[in-house]
Amino acid sequence: MKTKIIRWYTTFFILLGFSPLALSAEWLLGTGKYDITGPAADVGMVGYGETSQTTKGIHSRLWSRAFVIANPQDSQRLVFVSADLQSITQGVKQGVVAKLKSRYGNDRFTDENVMLTATHTHVGPGGYDHYVMLNMSALGYAEDNYNAIVEGIYQSIVMANSSLAEGDIYLEQGTLLNTSVNRNPEPYAQNPDTGNYQYDTNKTMTQLKLVNANNKALGIINWFALHNVSLGTGQRQLSSDHKGAASYLFEQWASNQTDSTGNLVAAFANSNLGDASPNICGPGNGCGSSEYESLELAAEKQANKAKSLYSTSNNKLLNNLDYRHQYIYFPGYTVAGEYTGEGQQNICEGAVGWSFTAGSSWDGPSGIDGIFEGMSVENEGIEWDRSESLFESVIRGFPLFGLMNAFSAAAVYKDTQDDPCQYPKPTFVERKVVGQQLYTPYLPFQMFRIGSLVLVAAPSEMTTMAGRRLEEKVLASMQGHGVTRVVIAGLANAYTGYVTTHEEFDRQHYEGGHTIYGPNTLAAYQQIYTGMANAMNNNLAVDAGPTPTDLSNDQIIHVIGVVYDDKRLWESFGQVWNDVRNNYSIGDTVSASFRSGHPRNDFRTGDTFIEIQRKVNGNWETYLTDNDLDTRFIWTRDTAVDCLACSFAEGQWVIGEDTPAGTYRIKHKGNWKSGWTGKVSSYSGKSSSFTVNN
């Protein structure tokens, strides 16, 4: 009888796509990585809200890193994704889950067991939301970017699921200092529980190490709270910033480790980053001689800490996998006095405060005259006066007119009233503006349990103290049930601004002004997640809640696409415009430019716009691509009056210290669009060869 049962289980799991050997393993694990780099030209970046900050090339490609963790005893599994994006929008989550259901059926991957998170880079292309706010800087909806993101995340999950094999997970935590600073210490200081903590930002890195049956590392996931803003408002090349650079450095290092599979996937995910900045030496200053150097300093610190945790991992997680998910229609949601401390309260209708328009004075001030952090109902008429002209000056500084041009600033100003529920926030603009919504009102709440670790998904940017209080509430609810660590998984499944503590909200600095659902937002999170924790403890289901509407077909204003590419009659696409010198040394910058087509003609997903090629035994081999930290792909328009649709592609390479002497060249690959037929064709160009001397 026992033999028959084993044979039946073996057949059952083979049908599910699992190896019978995996029945004895603690976990089934899979990893995947896929390119999600979007339009590298003429699309506004999302993060700083600067309409002039349009994409003009690539500093580093953007990636989706996916991890599938499954229980070998049944078909239960979960997906965690960390993507190099400003945020995961609700539309992206809907799109990814729809593609997974189309491939695997309706039950294997759902809203419940798929957690998508973002690293929060501020220098990626925007326009991929189905709500208004995050599309403003792109001046509309960029459907090609949205499709690239959804397809890339989906493909990374497929890769991870296809590679499932038996393995183990190790959990470690460590303290990382001199890497983050609280960019808004005044609101933080208002919290009465600051004395309970040594630091005013979350200095803990939590890391999972995934290994196969041969104890070879497949991947790591770590969470460290840090705004991904080493690159500022002057940056024009797409970049994953310091989080992506840390992944790059770790993956390069791991490829040479004997205890790694050689293609390890390393996710440097985010946590309660709301007031945590990498600019530890002052506003916009990460202590490097340039923003790129500051980026690499922040990346190296995180990568080095991750290496230390990787090398000392000995806390194996036992198999206990669970998850919960529910949607809450947030405006009007009732929060019990147990969580508010002020009796029963309702969540406010969404509104953006005036201080939001100031931006973060530390990481990205808007610089608009008359606007500052701390604009409150309480100091109105004393430190500032609301007026139609002030409103219009802010509108000119932000891209509201470009996207919502069906109404005037004056009309918005006169129709907007302060909401007593939001006190002391003075309302700059409401969530619902003339039939359009800035953010989703359907907030997704999700919790994963992986052994003794619980991940709490935040569809927002939580401040240090807000995250700490939420983690403590959940841990207190689950501590007697084998849970020892709770971690905020930041910017997950949707984006709805910030979450501050009530005390921080009252100060109405940037983060408080961007806590759109009012002062009891954190209390609501605590109530919802405490209920979810208790449901998990008692093996109970939670109400799925109202399904958000799919707005993918409701987008009105679209980013203008490529009309055509041009060149003069005697020119050719890929033709060298400015060539290289004959000789270079370590530390020099090599540059070559080419007549080019528009990068939006083809994102070159999984490929590159430039290659640094090295001559080896008479053959040209790829040495570096546009994803490497020492290269830059820079795209610019030709300003000549006789070539208005012409452009240039420049390949740059800063020669690193470990570069071997030899012969090299720069190759550019691209695509151009015919104005007569609309056909898109590929081309390439190569610089002259040059020598690198040691």
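Okay, let's start with a bond: C348 and C421 form a disulfide, with their sulfur atoms 2.0 Å apart. The torsion about that S-S bond is about -85°, so this disulfide is left-handed. The pair links distant parts of the chain, 73 residues apart. C348 sits in the loop between strand 16 (345–346) and strand 17 (351–353), and C421 in the loop between helix 10 (409–415) and strand 20 (427–430). One quick caution before I go on: this is a predicted model.

How do the two ends compare for burial? C348 is buried, with a relative accessible area of 2%, while C421 is partly exposed, at 30%.

How many disulfides does the count come to? It comes to 3. If you number the bonded cysteines in sequence order, the pairing reads 1-2, 3-4, 5-6. So let me give you the other two.

One joins C281 to C287, S to S 1.8 Å. Here the torsion is about 85°, so the disulfide is right-handed. Both ends get some exposure: C281 counts as partly exposed at 44% relative accessibility, and C287 is partly exposed too, at 33%.

The other joins C643 to C646, with an S to S distance of 1.5 Å. That link has -55° about the S-S bond and is left-handed. Is this pair buried or exposed? C643 counts as buried at 1% relative accessibility, and C646 counts as buried at 0%.

Right, on to a sheet. Have a look at the open one made of 4 strands, in the order 14-23-24-26, with mixed pairing. Strand 14 (321–329) and strand 26 (485–489) stand at the edges, each with a single partner strand, so one side of each is left without a neighbour in the sheet. From one strand to the next, the twist averages 15°.

In that sheet, strand 23 (residues 442–450) and strand 24 (residues 453–457) pair in the antiparallel sense over 5 bridges. If you want a spot to look at, Q446 stands opposite A457 in strand 24.

Which helices lie across these strands? Helix 11 (residues 464–478) lies across strand 23, strand 24 and strand 26, running at about 140° to strand 26. Then helix 14 (residues 521–537) lies across strand 14, strand 23 and strand 24, and runs at about 40° to strand 23.

Let's use a single residue to move along. T206 has its place in strand 10 (residues 204–212), and T206 is buried, with a relative accessible area of 3%. What does the side chain of T206 make a polar contact with? With the side chain of Q173, at 2.6 Å. Leaving aside neighbours within four places in sequence, T206 is also in contact with other residues, including L171, I221, W223, L453 and V487.

Now for strand 4, which is the one I'd click on next. 8 of the 8 residues of strand 4 are buried, so this strand is largely enclosed by the rest of the structure. W63, R65, F67 and I69 point one way, S64, A66, V68 and A70 point the other way, and all are buried.

Who are the partners? Strand 1 joins strand 4 through 8 bridges, running antiparallel, and L28 stands opposite A70 in strand 4. Strand 5 (residues 77–83) joins strand 4 through 7 bridges, also antiparallel. V68 has V79 in strand 5 as its bridge partner. Strand 4 and strand 5 form a hairpin, with 6 residues between them.

Last stop, helix 5 (residues 241–254). Helix 5 has 14 residues and reaches 20 Å from its first C-alpha to its last, close to the 20 Å expected at 1.5 Å a residue.

Why call helix 5 largely enclosed by the rest of the structure? Because 11 of its 14 residues are buried. Among the buried ones are D241, H242, K243, Y248, F250 and E251.

And what covers the buried residues of helix 5? The cover includes strand 1 (27–35) and strand 4 (63–70), both of which we've just met, along with strand 11 (217–223), strand 12 (260–269) and helix 6 (291–312).

That's my tour, thanks.

Note on methods
Residues are numbered from 1 along each chain as its sequence is written. This is a predicted model: local features need pLDDT of at least 70, side-chain atom pairs count only at pLDDT 80 or more; totals for chains, interfaces and linings use all residues. Side-chain values use heavy atoms; hydrogens and water are left out. Two strands pair if DSSP finds at least two bridges between them. Helices (H or I, at least four residues) and strands (E, at least two) are DSSP runs, numbered from the N terminus. Axes are lines fitted to C-alpha atoms, for helices over the stretch in contact, and angles run from 0 to 180 degrees between N-to-C directions. Contact means heavy atoms within 4.5 Å. The expected span of a helix is 1.5 Å times one less than its number of residues. Buried means under 20% relative accessible area, exposed over 50%, partly exposed in between (1.4 Å probe, protein chains only). A polar contact is a pair of N or O atoms within 3.5 Å; within protein, one must be able to donate a hydrogen and the other to accept it, and residues adjacent in sequence count only if both atoms are side-chain atoms. A disulfide is a pair of cysteine sulfur atoms within 2.5 Å.
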